[in-house]
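This briefing sets out selected features of the structure shown below. The points are grouped by topic for reference at the bench.

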Amino acid sequence: MARRRGSKRKKNTGKLCVTAIVCMLVAVMSIRIVGLYQDKTKYEAKASELQSQIDDEEQRTEDLEDYADYVKTAEYIEKMARAKLGLVYDNEIIFKEQEE
């Protein structure tokens, strides 16, 4: 009968070891899953921020293209000629303020 007790203890010890190993694996996997989830949320936030920057740069590109088209117009050339060079049409009268 003593022999049976010893083998029963070995069976219980084996079951206990297997249970402990399974519990440790579950704990390690749970910790790893939580870490991966946190990384995922960080990467999603970063992706959202980068997409926002891309949208801003695309808008800026459109604005620059519009400005480049505007610079090629006669209206812009006339405006710059008046502002920077002081040019006027022949039939225009210019009034200057007196400096006091």
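The notes that follow cover helices, salt bridges, aromatic pairs and surface patches. The model is predicted, and its local features are reported under confidence limits. The structure holds four salt bridges and three aromatic pairs. Helix α1 comprises residues 2-71, and helix α2 comprises residues 74-85.

**Salt bridge within helix α1**

- Lys-40 and Glu-44 form a salt bridge in which the closest N and O atoms are 3.8 Å apart; the cut-off for such a contact is 4 Å.
- The two residues are four positions apart in helix α1, so about one helical turn separates Lys-40 from Glu-44.
- Lys-40 is partly exposed, because its relative accessibility is 45%.
- Glu-44 is likewise classed as partly exposed, because its relative accessible area is 46%.

**Salt bridges centred on Arg-82**

- Arg-82 forms a salt bridge with Glu-78, and the closest N and O atoms of this pair are 3.5 Å apart.
- Both Arg-82 and Glu-78 belong to helix α2, where they lie four residues apart, or about one turn of the helix.
- Arg-82 also forms a salt bridge with Glu-92, for which the closest N and O atoms are 2.7 Å apart.
- Glu-92 lies in the segment after α2 whereas Arg-82 lies in helix α2, so this pair ties together parts that are ten residues apart in sequence.
- Through shared partners, the salt bridges join Glu-78, Arg-82 and Glu-92 into one network.
- Each member of this network is partly exposed: the relative accessible area is 34% for Arg-82 and 33% for Glu-78, and the relative accessibility of Glu-92 is 31%.

**Aromatic pairs and the tyrosine cluster**

- A pair of aromatic rings is described by the distance of the centres and the angle of the planes.
- The structure holds three aromatic pairs, and one of them is formed by Tyr-67 and Tyr-70, a tilted pair with 6.4 Å from centre to centre and 45 degrees between the planes.
- Tyr-67 and Tyr-70 are three residues apart in helix α1, which means that about one helical turn separates them.
- Tyr-70 also pairs with Tyr-76; the ring centres are 5.3 Å apart and the planes stand at 70 degrees, so the arrangement is edge-to-face. The cut-off for this class is an angle over 60 degrees.
- Ring pairs thereby link Tyr-67, Tyr-70 and Tyr-76 into a cluster.
- Exposure within the cluster is as follows: Tyr-67 is partly exposed at 44% relative accessibility, Tyr-70 is partly exposed at 26%, and Tyr-76 is buried at 16%.
- Tyr-76 counts as buried because its relative accessibility of 16% falls under the 20% cut-off.

**Surface patches**

- A negative patch on the surface is formed by Asp-55, Asp-56, Glu-58, Glu-62, Asp-63, Glu-65, Asp-66 and Asp-69.
- One of its members, Glu-65, is found in helix α1 and is partly exposed, because its relative accessibility is 48%.
- Val-18, Val-22 and Val-26 make up a nonpolar surface patch, and their accessible area together is about 260 Å².
- Val-26, one of the residues of that patch, is located in helix α1.

**Separation of Ala-47 and Ile-21**

- Ala-47 and Ile-21 are 26 residues apart in sequence, and their C-alpha atoms are 38 Å apart in space.
- Ala-47 has its place in helix α1.
- With a relative accessibility of 43%, Ala-47 counts as partly exposed.

Key. Residues are numbered from 1 along each chain as its sequence is written. This is a predicted model: local features need pLDDT of at least 70, side-chain atom pairs count only at pLDDT 80 or more; totals for chains, interfaces and linings use all residues. Side-chain values use heavy atoms; hydrogens and water are left out. Patches are made of residues with over 30% relative accessible area and no salt bridge: like charges are joined within 9 Å, nonpolar side chains (Val, Leu, Ile, Met, Phe, Trp, Tyr) within 5 Å. Accessible areas come from the Shrake-Rupley method with a 1.4 Å probe; for residues, only the protein chains shown count as cover. A salt bridge is a side-chain nitrogen of Lys or Arg within 4 Å of a carboxyl oxygen of Asp or Glu. Lys and Arg count as positive and Asp and Glu as negative; His and the chain ends are not counted. The place of a charge is taken as NZ of Lys, CZ of Arg, CG of Asp or CD of Glu. Buried means under 20% relative accessible area, exposed over 50%, partly exposed in between (1.4 Å probe, protein chains only). Rings of Phe, Tyr and Trp (its six-membered ring) pair if their centres lie within 6.5 Å; planes under 30 degrees apart count as stacked, over 60 as edge-to-face and the rest as tilted.
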